[in-house]
Amino acid sequence: GLGNEEMISDSIGPKTISQILVSAHLFELEKDVHPGLNNCAAIAPKVMGQTGLESALIVKGIVDFYKPQCVLVIDALSSHSFSRINRAIQISNIGIVPGSGVGNHRKAINEETLNIPVISLGIATVTSIQSILNELNIDIPYENNDSIITPRNMDLECKQIVSILSHAINCFIHPAYEEL
């Protein structure tokens, strides 16, 4: 779950994984595990400004140690269209470059860097003033066109997005999730 949980528009990743049914500890302890549960762990590595560490390197260390079958990365994205904010889920198998949507490129989290398949889920939660002006075909000189904006009701929409994503991920990982 990538992102900064303290910023609503960047909190989708950490908030989503906080609602994932983790079970790796049960498998590690060799307890009787429900046959409809799979081995799953979750982490929110925060952002470099909070830890001083690249998220990709934190994830790589965990992957190298635990050797999972795949990694699912969840992050907030930036959109060039205001109408797409909080309205589309992007699913990809090419990974993600944290911060790249707002010009803050970090190391990639993908199959090439982790040596295992990576599925990325992203939700556009912000756009720039310049993108809105372009979308409306307005050519106004504005010195802060790269300012990032998010909808006023982002806190409410974030809760809904997190609920949808976490439920879908739990059902994907654990076939018996809805029966539990």
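**Helix H7 and its surroundings**

In helix H7, the buried residues (under 20% relative accessible area, 1.4 Å probe, protein chains only) are Met-154, Glu-157, Cys-158, Ile-161, Val-162, Leu-165, Ser-166, Ile-169, Asn-170 and Ile-173. An α-helix has 3.6 residues a turn, so residues three or four places apart point the same way. The cover over the buried residues of H7 includes helix H1 (12-17), strand S1 (71-78), S2 and strand S3 (118-128). H7 covers residues 154-173; at 1.5 Å times one less than its number of residues, its 20 residues should span 28 Å, and its end C-alpha atoms are 27 Å apart, which agrees.

This is a predicted model, in which local features need pLDDT of at least 70 and side-chain atom pairs count only at pLDDT 80 or more, while totals for chains, interfaces and linings use all residues. Residues are numbered from 1 along each chain as its sequence is written, and side-chain values use heavy atoms, with hydrogens and water left out.

Strand S2 (residues 89-92) contains Ile-89. Leaving aside neighbours within four places in sequence, Ile-89 is in contact (heavy atoms within 4.5 Å) with Leu-121, Gly-122, Ile-123 and Leu-165. Ile-89 and Gly-122 are 33 residues apart in sequence, yet 5.8 Å apart in space, C-alpha to C-alpha.

The protein chain as a whole has seven helices and four strands (DSSP runs, numbered from the N terminus: H or I of at least four residues, E of at least two). Their pattern along the sequence is α-α-α-α-β-β-α-β-α-β-α. Buried residues make up 37% of the 180 residues.

Conventions:
Buried means under 20% relative accessible area, exposed over 50%, partly exposed in between (1.4 Å probe, protein chains only).
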